[in-house]
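User: I have a model open and want to go through some of its polar and metal sites. Can we take them one by one?

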Amino acid sequence: FKMHFKCRNAEVPYLNSSIKRFLVPDDKVAWSTEWSSYAPVEYTDPSINGKPWADTNDLSNVKFNALDGKVNRRSYICDYSFDANQRPINPMGRSGMSGRGILGRWGPNHAADPIVSRFKDGRLQFVAIKRKDTGEWAIPGGMVDPGEEVSATLKREFGEEALGGKTIDMGKVWKNGKRLYAGYVDDPRNTDNAWMETVVVSFHDYESVMDDVKLEAGDDAASVRWVFVDLNEPLYASHKSFIDLLKTSLDN
Ligand code: RP5
Ligand code: MG
Ligand code: MG
């Protein structure tokens, strides 16, 4: 991605708040562009305080750009740099908000996105959830737990969000994993100091294993269903681009 958009939307309030971002025009996104009057809104959602998955405001013992104990604080994009307060700086540029917003980690917040797909009457479909937070269709992804392998996160999140937490034998599907992407996500929750990164893996169902699997929404998901890749609705964050990568990979 060359530029982020969804985490610059200054018209709508930030998730679960009434806070609006400082407007960052396209030509001012890059940190290399001087902008002395830039005044991002400082915001960290008070509800993340004390959460086991969240950092504290004390940065002194955090090992950035490294594996910090069990927490992966490396970025797929680059070795990120720091602002005057020693806070990581979003490598994709300004977002109009400083602090962590509702994200737990300073710097990269690592997720994993499993795309389970099949052909239905010759048309490509994938398993999508309707997210409870924004109401948009999305890949049923989620955060990598400390010490967890990404390959485990993919299956766990799919199970939690698309299979109602049940363990279902999808053996053949899980064997066809193909990594499509690892990097930045233009997530509406991103800030100048905290951002989403993900690993997207395609699991195409070549053997119709999924025909016998009953989808059931759970956790972040309000509903779940097979969605055609050419649906006429926006997808969450950068998920549209991830689906485009899926299409290309199945064409080859
Ligand atoms: C997106 O947020 C990722 O692509 C992934 O789908 C998701 C992870 O966050 P939660 O679903 O846990 O909120 O940036
Ligand atoms: Mg989840
Ligand atoms: Mg999720």
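User: Is Asp-55 buried or exposed?

Analyst: This is a predicted model. In it Asp-55 is buried, with a relative accessible area of 10%.

User: What does the side chain of Asp-55 meet in a salt bridge?

Analyst: The partner is Arg-105, at 2.8 Å from N to O. Arg-105 is buried too, at 13% relative accessible area.

User: Where do Arg-105 and Asp-55 lie, and what does the pair tie together?

Analyst: Arg-105 is in the loop between strand S4 (97–101) and strand S5 (107–120), and Asp-55 is in the loop between strand S1 (41–44) and strand S2 (67–68), so the salt bridge ties together parts that are 50 residues apart in sequence.

User: How many salt bridges does the count come to?

Analyst: The count comes to 18.

User: OK, metals. Which residues are the protein donors of the magnesium ion (ligand 2)?

Analyst: Glu-157 and Glu-161, each through OE, at 2.0 to 2.3 Å from the ion. Both residues belong to helix H1 (residues 150–162) and sit four residues apart, about one turn of the helix.

User: Are those two glutamates, Glu-157 and Glu-161, buried or exposed?

Analyst: Glu-157 is buried, with a relative accessible area of 5%. Glu-161 is buried at 0%.

User: And what coordinates the magnesium ion (ligand 3)?

Analyst: Its donors are Gly-141 (O), Glu-161 (OE) and Asp-220 (OD), at 2.1 to 2.2 Å. Their spacing in sequence is G-x19-E-x58-D. Glu-161 is in helix H1 and Asp-220 in the loop between S10 and strand S11 (221–228), so to speak of the pair is to speak of distant parts of the chain, 59 residues apart.

User: Which residue coordinates both ions, and how far apart are the ions?

Analyst: Glu-161 coordinates both, and the two magnesium ions, ligand 2 and ligand 3, are 3.3 Å apart.

User: What is the relative accessible area of Asp-220?

Analyst: The value for Asp-220 is 29%, which makes the residue partly exposed.

User: Back to Glu-157. Which residue forms a salt bridge with it?

Analyst: Arg-156 does, with the closest N and O atoms 3.0 Å apart. Arg-156 is partly exposed, at 22% relative accessible area.

User: Now ligand 1. Which residues come nearest?

Analyst: There are 13 residues around ligand 1, and Asp-113, Arg-131, Asp-187, Arg-189 and His-239 come nearest.

User: How far are the polar side-chain atoms of Asp-187 and Arg-189 from an oxygen atom of ligand 1?

Analyst: For Asp-187, an N or O atom of the side chain is 2.6 Å from a ligand oxygen. For Arg-189, a polar side-chain atom is 2.8 Å from an oxygen of the ligand. The backbone also takes part: a polar backbone atom of Gly-141 is 3.2 Å from an oxygen atom of ligand 1. Gly-141 is also a donor to the magnesium ion (ligand 3), through O.

User: What do the side chains of Asp-187 and Arg-189 meet in?

Analyst: They meet in a salt bridge, 2.9 Å from N to O. Asp-187 is buried at 2% relative accessibility, and Arg-189 counts as buried at 13%. Elsewhere, salt bridges that share partners join Asp-145, Glu-148, Arg-156, Glu-157 and Glu-160 into one network.

User: Next, Asp-186. Where is it in the fold?

Analyst: Asp-186 is in the loop between strand S9 (177–184) and strand S10 (194–204).

User: What is the nearest side chain of opposite charge to Asp-186, and how far away?

Analyst: Lys-6, at 6.5 Å; Asp-186 is buried and has no salt bridge. A polar atom of the Asp-186 side chain does lie 2.7 Å from the backbone nitrogen of Phe-5. Contacts of Asp-186 beyond four places in sequence include His-4, Cys-7, Ala-237 and Ser-238.

User: Last one, Arg-8. Where is its place?

Analyst: Arg-8 is in the segment before S1. The residue is buried, with a relative accessible area of 6%.

User: Which backbone oxygens lie by the side chain of Arg-8?

Analyst: The backbone oxygen of His-4 lies 2.7 Å from a polar atom of that side chain, and the backbone oxygen of Val-24 is reached at 2.8 Å. Residues in contact with Arg-8, leaving aside neighbours within four places, include Arg-21, Asp-26 and Arg-94.

Definitions and conventions
Residues are numbered from 1 along each chain as its sequence is written. Chains are lettered from A and ligands numbered from 1 in the order in which they are written. This is a predicted model: local features need pLDDT of at least 70, side-chain atom pairs count only at pLDDT 80 or more; totals for chains, interfaces and linings use all residues. Side-chain values use heavy atoms; hydrogens and water are left out. Helices (H or I, at least four residues) and strands (E, at least two) are DSSP runs, numbered from the N terminus. Buried means under 20% relative accessible area, exposed over 50%, partly exposed in between (1.4 Å probe, protein chains only). Lys and Arg count as positive and Asp and Glu as negative; His and the chain ends are not counted. A salt bridge is a side-chain nitrogen of Lys or Arg within 4 Å of a carboxyl oxygen of Asp or Glu. A polar contact is a pair of N or O atoms within 3.5 Å; within protein, one must be able to donate a hydrogen and the other to accept it, and residues adjacent in sequence count only if both atoms are side-chain atoms. Contact means heavy atoms within 4.5 Å. Donors are N, O and S atoms within 2.8 Å of the metal (3.2 Å for Na, K and Ca); water is not among the atoms, so sites may look incomplete. A residue is near a molecule or strand if one of its heavy atoms lies within 4 Å of it.
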